Amino acid sequence: MQRPHVSKPWVWIVFIFLLFVLSAVSFLKREQYVSLPLDLDIPEGNSLTEKQQSFYLEEVIDPESTYAMAHVASITELSDGSLAATWYAGSTELAGDVNIYFSTKTKNSLKWSEPSVIMSRSQAAKDLGIYVKGLGNALLFAREDGILHLIYSTITIGKWSGSSLNMTSSRDGGHNWAKSRSLFLSPCFNLSELVKNAPVPLVGGGWVIPIYQEFLGKFPELLWLSSDADRSWVVKKSRIAGGCSLFQPSLTGLSAKKAIAFSRDYYASQKIWSSQSNDGCRTWSLPKPTSLPNDDTGIASLRLFNGSLLLAFNDSSNSRDTLRLAISNDEGESWSTMATIIQEPNGDFCYPYFFRSRDGLIHLLYSWQRRHIHHVVFNDAWVKQQCSHNTPTLISTTTSMP
Amino acid sequence: MTSFLHSVLPWLVIMTFLQKKIQKNRFFISPVVPFFFVGLFVAGILFLPLISTDIGRISLALWSSSLMRSVSLPLIGLLLIVMMDRLFSCQLFLRSEWRTLWIFGMSSSLLLYPAALGLGHIDPYCWGWGNKYFLITLALVTLLLLLAKNRFAILLLLALAAYDLQLQESTNLWDYLIDPIYGILAMIFAIPSLFVTRKQAPTSSLFLQ
């Protein structure tokens, strides 16, 4: 047996010198993570929004769709005030023919544009240079600059637990999309990271995005992104809670440093859980159950201009046939149901998604029978009006099929 | 560079296991066999990335490593070391260095993977994004190993260099230090490596036996 000689002292001195150089470079690289902004950017109402008349509208984004299943929608606003929405659709969940669809609605238009495919399984495989078994949850978001960002999940193996997150962006309102890149967020083959709810913008640019893991355990996490689209995205992750049951967090900023996260519960508690942070989402209180029911279904939360919290949820311990809104005036400590968005026996109205546009309107998307994506628009004045009722008000029992 | 690493890994694994099987055959005792293997290895690295699969028109190399998107430098190092030993009888690592490699892999795995799967509120994986204490600890461990003239330190240096140069898509330092395959191997070999005596380990590694 031979053993090449590396025993001369100067060789090891060179290695030690190299270590100092490499460590110094690592410390310089560290700056990009340390310099990430941490304050949450909380939208405030103005005198104009306070004087608004009560407003409520419900419409279907994809009325003429031919796919058998549509699910997990998200919505954002372009620089000209147009709305843009994404969702995934195909023959069934996890099928190879699932694509990510995109549609826009200009400011004065009555209809959403014909949905177009912005990401397919083959396109994702080509962009990412990996085998892609299927596509899943997608999240669309943008700031005032109008650059659209899309985070979407690809499944490489198995079912949802075999998914990972990827990112792409568009600078022309969703007509052309940049080559996707993978986000490496887990040491376990980079598997099982998913996205569902809206991001919270950070002061000075950047985002904090609620994500979750569902491999062996299910737990809520946060993805931090820098805002500079011209260079590589600085990405890092932090944890809201550990465990194996709480997931699909919905993050809502209460002030620059204060935030609350609500989570769906996979196991037996059948409650929505909440956790609070007082240091810009860096550390979180232990999750505690709220009084609201949850039958392992998606939820969404939003802060109203008056500081109250709004939550969209399935108000049942055993079904998804009722989609309701609840309001809390004490930062999530107590809740009262306020309005029913839709209710039908044996219905499936789930996966709500909240977004507030710059004109102050609140947009709620949800999966309608997993066939269509519905868009509900209302304002704070409408919420105030609904709250004046003592009992939950049935807003719509529409079967609004196209 | 990422696609190069992707094309290297499947070949390293295939070649390492192939050698073990093939060298038991008398026919392969010829002195040209090592060079044949090296030629095959180089050809694989050159051509595997060019062979396309039907799915998404990605290369066979990328397809085969779709699950293993980030490969740690210690894993590449240990596979190369095994190859060098098998092909050219060039013993790059002593028993103590193998032991260090396995213990580093095992302790990193125990620290990283249970927490990454949801055990507790702290996720050590997040330290890989610029945590100064993590960087200092890694630098100190590497320095101590260098002072002890332990060659595993060279693999840690290479991992640090690969991270600084962003040779893989991952921006997390952990992905350059450990991966699940290395972690599993370390869990298997670390404890037995502590009990191997000098007489029992002529090739310096349980992995090679």
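## After helix 7 of chain B

Right after helix 7 of chain B comes B:Q166, a residue with a positive phi, near 55°. Keep in mind that this is a predicted model.

## Helix 7 itself

How does the span of helix 7 of chain B fit its residue count? With 13 residues at 1.5 Å a residue, helix 7 of chain B should span 18 Å, and its end C-alpha atoms sit 19 Å apart, so the two agree.

This helix is mostly covered, with 10 of its 13 residues buried. The buried set starts with the run B:F152, B:A153, B:I154, B:L155, B:L156 and B:L157, and it also takes in B:A159, B:L160, B:A162 and B:Y163.

What do those buried residues pack against? Within chain B, their partners are helix 4, helix 5 (95-116), helix 6 (132-147) and helix 8 (174-177). From the other chain, helix 1 of chain A joins in.

## Where helix 4 crosses helix 7

Now for one of those partners. Helix 4 of chain B covers residues 73-88, and helix 7 of chain B covers residues 152-164. Their axes come within 9 Å and cross at roughly 135°. That angle falls between the ranges for roughly perpendicular (65 to 115) and roughly antiparallel (over 145), which makes helix 4 of chain B oblique to helix 7 of chain B. The crossing of these two helices is right-handed.

Which residues make the contact? Helix 4 of chain B brings B:L73, B:P74 and B:G77. Across from them, helix 7 of chain B offers B:L155, B:L158, B:A159 and B:A162. Sorted by class, this contact has six nonpolar residues, one polar and no charged ones. Of the helix 7 residues here, B:L155, B:A159 and B:A162 are also on its buried list.

## Chain B as a whole

Zooming out, chain B has nine helices and zero strands, and along the sequence its pattern reads α-α-α-α-α-α-α-α-α. Of its 209 residues, 45% count as buried.

As for sequence range, take the contacts in chain B with a separation of 6 or more: residues 24 or more positions apart account for 72% of them.

## Chain A against chain B

The contact between the chains uses 49 residues from chain A and 51 residues from chain B. On the chain A side, the elements giving two or more residues are helix 1 (9-34), helix 3 (121-128) and strand 14 (235-239). Helix 1 of chain A supplies the largest share of that side, 14 residues. By class, the chain A side divides into 28 nonpolar, 14 polar and seven charged residues.

Terms used:
Residues numbered from 1 in each chain as written. Chains lettered and ligands numbered in written order. Predicted model: local features only at pLDDT ≥ 70, side-chain atom pairs only at ≥ 80, totals over all residues. Contact = placed C-beta atoms within 7 Å. Helix = DSSP H or I, 4+ residues; strand = E, 2+ residues; numbered from the N terminus. Nonpolar A, V, L, I, M, F, W, Y, C, P; charged D, E, K, R; others polar. Axes fitted to C-alpha atoms, helices over the stretch in contact; angles between N-to-C directions. Parallel < 35°, antiparallel > 145°, perpendicular 65-115°, else oblique. Left-handed = near helix turned anticlockwise from the far one by under 90°. Expected span 1.5 Å × (residues − 1). Buried ≥ 20, exposed ≤ 12 C-beta atoms within 10 Å, placed from the backbone.
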